[in-house]
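Reader: I am new to this structure. Please take me through one part of it closely, strand by strand, and then show me what lies around it.

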Amino acid sequence: TEVMTPDGKEQGDSRVGVVMPLYNRAGIVSRTLQSVLEQIHQPTRLVIVDDGSTDGSAETAERWLAGHDPTFEWTVLRAPHRKAAAARNRGFTDVQDLPLVTFLDSDDRWPTDFLLRCSVALAARPDAVAASADREIEGPDRRHVNPDLHAISSDPALWLVRNDAGIASCTVLRSKAVSTVGGWKQDAFAGEDFLLFTALARQGVWLHVPGMPVRFKRNTGNAGGQQGNLSRSQPIKHWQWAKLAEQEFEAHPGEGARREAMRQAVAWRWSSAGNHLVRNRMFRKANEAYRRSAALGKSSISLRLRLLASHLLAPASRR
C-alpha cells in the first residue's frame, strides 16, 4: 500500500499496524474503535491486547469488531494484568513486520484523516522516525485544552520535558526504529513513554503534522465502566518523571541556549513534582524535590518559600 505525497507522487510503503492496550474500558472502547474504522487511510492490522480486564472489555471489543466487519486484519489478545508497556510490547510483536506502527490508547479518538496525514508526512521524509498530530485533551470537567505540538519537531526531548510524553495516540512511528531502541521499557516504574520517545528522537527526524487534533480523554475515573488513568493519581510518579528528565539532561545536555532551556525545563519539572508531593502531604520528599529544582534553576522567592514550608512540615510528613 502506498500513499500520495504532497507533490502527487506515490511513495513509500504506508502499511500501518495499530496496537491498542485495553484495561477495564468496556463502556467506551467502541467509540475508539469507531475512530479506527472511519480512517480514510485504513490500517493493515489492529492488535488489541487486553491487560487482564475484569469488566468484559475484551469481549466487548471482539463483538464490536465482528459486528462491523472491518476490511483490515484484527485480533484481540488476552494477557495477565501487568501494565500498558507490557501490553504494547506484546501487540508490537504482531505488527513489527509492517513499516509503520501507532499505539492507540483505548479512550482516545482519531480524526478521520489522522493515519493519512501521518503516513504522507513520513513517506515524504525517509529520514523521519515519527510524525505527531496535535492533541485536544478533555478533562473531567469537559473543558478542552490544545497543547500545540509544533515545537516537537525542532527539539523532541526538550518538548517532552517541558510538556509531557503522553503522545502515543497522536503519533505514528517507524517500526524499525521502535525495534532498534528495544520498544517500551516494561521495568520502568513510570515514564516509559518518555524513555521510548527520547530514545527514538535520537534515531532521526520527528515531524509535526498540522490539522485536526486527536481527542484525548484524561482523568475520567471509573465512569462508564472504564479504568481511570492511574499514573496521575500517584504523586511519587511525578518524582520519577523529574528524575528521568534530569537523567536525559545529564546524558544529552546540548550546548548554549539549548542547554540552558533544558536545565530550566528540568528545574520546573522538579518544582512541579514537589507541588504534587505537598498536596499529598509527602513533605520530606517534596523538600528534596524543591532542593533539586533550586540547584538547577533560578531560585525564585516562591520556590524559596515552598522549600522552607516543606522543611518545616517534614516532621509531619507521610514519607
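Author: Start with a pair of strands in this predicted model. Strand β3 (residues 16–22) is joined to β4 by 6 bridges, and the two run parallel. One contact point is easy to find: M20 stands opposite I48 in β4. Between the two strands comes a helix. Together, β3, helix α1 (residues 29–37) and β4 form a right-handed β-α-β unit.

Now look at the next neighbour of β4. Strand β5 (residues 73–79) is joined to β4 by 7 bridges, and these two also run parallel. Here D50 is a good marker. The bridge partner of D50 in β5 is R78. The pattern of strand, helix, strand comes up again: β4, helix α2 (residues 57–68) and β5 make a right-handed β-α-β unit.

So how enclosed is β4 itself? Strand β4 covers residues 45–51, and 7 of its 7 residues are buried, so the strand is largely enclosed by the rest of the structure. Take the two sides in turn. In a regular strand, side chains alternate between the two faces of the sheet. On one side of β4 sit R45, V47, V49 and D51, and these are buried. On the other side sit L46, I48 and D50, and these are buried too. Both faces of β4 are covered.

Follow β5 to A79, which lies in that strand. A79 is partly exposed, with a relative accessible area of 26%. Its C-alpha is 9.0 Å from that of S53, although A79 and S53 are 26 residues apart in sequence.

Step back to the loop that leads into β5. D69 is in the loop between α2 and β5. Its phi is near 45°, a positive value in a residue other than glycine. D69 is exposed, with a relative accessible area of 62%. A second residue with positive phi is R281, where the angle is near 60°; this residue is not glycine either. R281 is found in the loop between α9 (256–279) and α10 (283–296). R281 counts as partly exposed, at 48% relative accessibility.

Next, the cysteines. A search of the whole structure finds 0 disulfides. Take C118 as a case. The closest cysteine sulfur to that of C118 is in C170, 8.1 Å away, which is too far for a bond. A disulfide would need the two sulfurs within 2.5 Å. C170 is likewise in no disulfide, and its nearest cysteine sulfur is that of C118. C118 is buried, with a relative accessible area of 0%. C170 is buried as well, also with a relative accessible area of 0%.

Last, a pocket. Rolling a probe the size of a water molecule over the atoms shows where empty space is left. The second largest pocket has a volume of about 170 Å³. Its lining is made up of R31, R109, W110, P111, E136, M212, P213, V214 and R215. Strand β10 (residues 205–217) gives the largest share of that lining, 4 residues. By class, the lining holds 5 nonpolar and 4 charged residues, and no polar ones.

Return to β4 to close. This strand is joined to β3 by 6 bridges and to β5 by 7, and both of its faces are covered.

Definitions and conventions. Residues are numbered from 1 along each chain as its sequence is written. This is a predicted model: local features need pLDDT of at least 70, side-chain atom pairs count only at pLDDT 80 or more; totals for chains, interfaces and linings use all residues. Side-chain values use heavy atoms; hydrogens and water are left out. Buried means under 20% relative accessible area, exposed over 50%, partly exposed in between (1.4 Å probe, protein chains only). Two strands pair if DSSP finds at least two bridges between them. A crossover is right-handed if, with the strands pointing away from the viewer, the path from the first strand over the helix to the second runs clockwise. On a 1 Å grid over the protein atoms alone, a cavity is a set of points where a 1.4 Å probe fits but cannot get out, and a pocket is an open set with protein on both sides within 12 Å along at least five of seven lines; lining residues have an atom within 4 Å of a point. Grid points are joined across faces, edges and corners, and a volume is the space filled by probe spheres set on the points. Ala, Val, Leu, Ile, Met, Phe, Trp, Tyr, Cys and Pro count as nonpolar, Asp, Glu, Lys and Arg as charged, and the others, Gly among them, as polar.
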